[in-house]
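Student: I am new to this structure. Could you take me through one part of it closely, the nonpolar core?

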Amino acid sequence: MFCIQCEQTVQTPTAKGCSYTQGMCGKTADVSDLQDVLVFNLQGVSFWAELARKYNIIDAEIDAWAPRAFFSTLTNVNFVPERITEYTEIAERYKIQLSTQVMAAAAAAGEALPELSPAAQFVLPATAEEIMNFAPEAAVNRGHEELHEDIIGLRLLCLYGLKGAAAYMEHANVLGQSEESICAEYHQIMAFLGTDPTDANALLETSMQIGLLNYRIMEILDRGETNTFGHPQPTQVNVKPVAGKCILVSGHDLHDLEKILQQTEGKGINVYTNGEMLPAHGYPELNKYPHLVGNFGSAWQNQQKEFANFPGAIVMTSNCLINPNVGQYADRLFTRSIVGWPGVVHVEGDDFSQVIDCALAQEGIAHTEIEHMITVGFGRNALMAAAPAVINEVKAGNIKHFFLIGGCDGDKEERSYFTDIAVNTPEDSVVLTLACGKYRFNKKEFGDINGIPRLLDIGQCNDTYSAIQLVLALAEEFDCGVNELPLSIVLSWFEQKAIVVLLTLFALGIKGIYTGPTAPAFLTDNLIKALQDNFDMRSVGDVETDLATMLAGK
Ligand code: FSO
Ligand code: SF4
């Protein structure tokens with residue numbers, strides 16, 4: 001096993017990466033190895049899918065399926081060996097199907113095939129034992145004995161960035177959004193990574209290509225969310241429990257939440273959001289259900305305690321899932337789509353009756369607590385509607401600085417940095433936030449500036465597109481570049497979605513971003529220096545010093 005894709009990974013003076021019998025996330029060595037074979041096989045599928053396009057062979061089913069399968073290998077998503085094996089077998093079938101079609105088309109055109117990548121030539125062994133024996137050859141750091149560590153680091157930057165982009169492709173696809181040109185570019189990059197590239201410049205360029213590709217993916221994801229559920233509107237959400245039977249919905253998939261709300265109507269079940277599902281309350285087509293009563297809990301790393309205390313059914317629609325056996329709630333937990341944990345019931349299709357039956361069989365919440373309201377729903381439209389008022393306050397000198405404090409949460413102590421920055425921002429500044437890192441400070445009181453709330457919750461990490469639109473609008477209004485705005489971006493990273501968001505911001509030319517709490521372990525010192533030199537990427541440090549530097553616009 002070798003996995004180094006998330007912030008939890010092993011980092012000691014002598015070793016980097018999870019490489020023993022189990023990763024820090026609880027992923028077993030077997031699952032990790034199977035995931036390596038799956039990713040390698042997906043690189044083979046993409047080789048043929050890219051080449052197939054030359055002969056106008058485009059298979060929408062494969063295009064939709066491939067990023068979904070890749071998403072299953074993201075941190076804290078799928079821990080079930082049988083499910084990963086099944087994805088690998090499907091990949092093999094698709095690879096054979098495409099390669100057969102391409103070879104026939106090439107022969108008919110009298111053309112020779114280009115050189116096949118190792119991934120394109122791979123034939124999945126018949127037995128589980130042989131598959132496991134092949135895993136070291138498919139390892140994400142394959143070739144590390146001979147290659148410079150920077151090449152491995154760059155390959156991983158691209159692979160993990162593309163994995164984050166694949167996750168957003170799947171989120172968009174669930175909402176009926178996909179674009180042929182996006183699928184084609186996804187396959188082109190995935191196929192390129194399957195050639196085991198050794199050219200540092202080509203890999204660096206690819207990382208920027210991934211960032212720009214992800215910008216387009218986030219645009220169609222935004223379209224999918226707003227077309228389906230309306231534009232988010234500033235909405236008050238109760239974060240205290242209400243008495244009654246209950247279902248908790250976590251993860252990012254708004255489609256699942258809608259189906260659950262529809263199927264629980266009139267059944268006396270209260271539905272709560274958890275984690276990245278919180279922004280759902282801002283969408284008119286979700287908020288219209290009166291039994292969507294509030295938000296329960298906080299960010300993913302607290303779920304073992306919070307889920308254990310939730311006396312109802314729990315649905316995990318996407319990342320981040322952690323071991324449910326610790327809190328002993330595995331029997332009332334359900335997974336969806338790419339998510340999986342051994343022994344936990346996986347709900348296929350859109351029938352949530354098992355979840356509803358489970359919720360009705362649980363005790364439910366005994367007492368209603370006194371309400372505590374927070375405001376969510378500052379998506380793209382709401383931000384744009386507020387923009388003229390915000391601009392007036394900037395011109396009047398009442399708003400002097402903007403902070404975008406977003407990203408993933410985790411359980412490292414250093415993450416208090418992000419809360420400390422947020423609560424210490426001056427009163428003449430506005431704090432924009434998104435993703436699950438905000439749970440550290442989103443229940444605190446930030447006040448307002450002449451009616452404009454000082455804390456504006458843009459939404460999930462999926463909603464980065466909205467934040468970028470606001471930043472671009474401000475730059476246009478003030479007739480300056482994005483980097484000249486009185487804006488400081490502070491990003492916490494944990495997993496691969498955050499990596500691709502960072503690549504998107506870099507590719508859009510946004511500089512001076514603070515990142516932390518630590519640098520990704522797969523980036524070598526040289527690569528970190530290159531990011532610092534090219535993008536003025538900064539590591540989070542001392543709160544007081546960083547804040548002073550940010551406010552000084554340096
Ligand atoms: Fe958080 Fe997990 Fe949205 Fe991530 S729930 S950590 S960046 O998967 O996806 O923000
Ligand atoms: Fe380790 Fe993170 Fe990989 Fe899990 S996902 S095995 S914690 S690097």
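Tutor: Here is the core, with the setting it sits in. This is a predicted model, where local features need pLDDT of at least 70, side-chain atom pairs count only at pLDDT 80 or more, and totals for chains, interfaces and linings use all residues. Residues are numbered from 1 along each chain as its sequence is written, while chains are lettered from A and ligands numbered from 1 in the order in which they are written.

Start with the whole. The protein has 18 helices and 16 strands (DSSP runs numbered from the N terminus: helices are H or I, at least four residues; strands are E, at least two). Of its 554 residues, 52% count as buried. Buried means that 20 or more other C-beta atoms, placed from the backbone, lie within 10 Å of the residue's own.

Now the core. A nonpolar core is a set of buried Ala, Val, Leu, Ile, Met, Phe, Trp, Tyr and Cys residues joined through C-beta atoms within 7 Å. The largest one holds 172 residues. Ile217, Ile247 and Val355 touch the most other members. Helix 6 (residues 149–174) gives the largest share of this core, 14 residues.

Look closely at Ile247. Set aside its neighbours within four places in sequence. Its contacts (C-beta atoms, placed from the backbone, within 7 Å) then include Ile260, Thr264, Ile269 and Val271. Gly312, Ala313 and Val315 are also in contact with Ile247, as are Val355 and Ala359. Val355 is thus both a partner of Ile247 and one of the residues that touch the most other core members.

Step back to the chain. Among contacts between residues at least 6 apart in sequence, 76% join residues at least 24 apart.

Conventions
Buried ≥ 20, exposed ≤ 12 C-beta atoms within 10 Å, placed from the backbone. Contact = placed C-beta atoms within 7 Å.
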